Amino acid sequence: GTVPSEVGVLTAVSNMRLAGNSLTGTLPTEIGRMTNIVDSDANGFFASNKLTGSLPSELGNLIKMTRNLGLQENLFSGTIPTEMGKITGTTANFRLNSNKLCADVPTQVQALSSSVTSGW
């Protein structure tokens with residue numbers, strides 16, 4: 001299945017795991033409305049799916065996310081949004097590896113601790 005834009009109405013959700021569900025399509029910009037999301041499990045938020053397209057800049061709104069912002073092992077392409085550098089509270093597992101993203105990592109994202117950014 002796909003991630004519906006209605007995911008944006010889940011504003012009170014603090015923990016969500018959608019890793020490894022064979023999700024397809026793009027990640028909707030409405031994901032940025034989930035501003036109370038704090039954590040996902042160790043596999044990551046949307047890791048190991050078949051999601052495509054660009055990473056929405058609205059991911060930078062998830063500033064309460066403290067760990068496991070895993071977007072690895074998908075088919076995302078394009079650049080890493082500089083807005084993702086605003087997710088400064090993340091203490092573990094900020095993963096973007098195993099995608100088709102541009103190799104240039106924005107300075108704002110590079111500024112995150114190397115222990116947090118365990119993979120591009």
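With which residue does arginine 67 form a salt bridge? The legends below take up this question in a predicted model, beginning with the sheet.

**View 1. The open sheet of four parallel strands.** In this predicted model, 4 strands form an open sheet whose order is β1-β2-β4-β6, and the pairing is parallel. The edges are taken by β1 (24-26) and β6 (100-101), each of which pairs on one side only.

**View 2. Pairing of β1 with β2.** Strand β2, made up of residues 50-53, pairs with β1 in the parallel sense over 3 bridges. Threonine 24 has lysine 50 in β2 as its bridge partner.

**View 3. Pairing of β4 with β2 and with β6.** Strand β4 (residues 75-78) runs parallel to β2 and is joined to β2 by 2 bridges; here phenylalanine 76 in β4 is the bridge partner of glycine 53. Strands β4 and β6 likewise pair in the parallel sense over 2 bridges, and lysine 100 in β6 is the bridge partner of serine 77.

**View 4. The salt bridge between arginine 67 and aspartate 39.** The residue asked about at the start is aspartate 39, with which arginine 67 forms a salt bridge whose closest N and O atoms are 3.2 Å apart. The pair links distant parts of the chain, since arginine 67 lies in strand β3 (residues 67-70) and aspartate 39 in the loop between β1 and β2, 28 residues apart. Aspartate 39 has 13% relative accessibility and therefore counts as buried, the cut-off being under 20%, whereas arginine 67, at 39%, counts as partly exposed. A search of the whole structure finds 1 salt bridge.

Methods
Residues numbered from 1 in each chain as written. Predicted model: local features only at pLDDT ≥ 70, side-chain atom pairs only at ≥ 80, totals over all residues. Heavy atoms only, no water. Pairing = 2+ DSSP bridges. Salt bridge = Lys/Arg side-chain N within 4 Å of Asp/Glu carboxyl O. Buried < 20%, exposed > 50% of the residue type's maximum accessible area, 1.4 Å probe, protein only.
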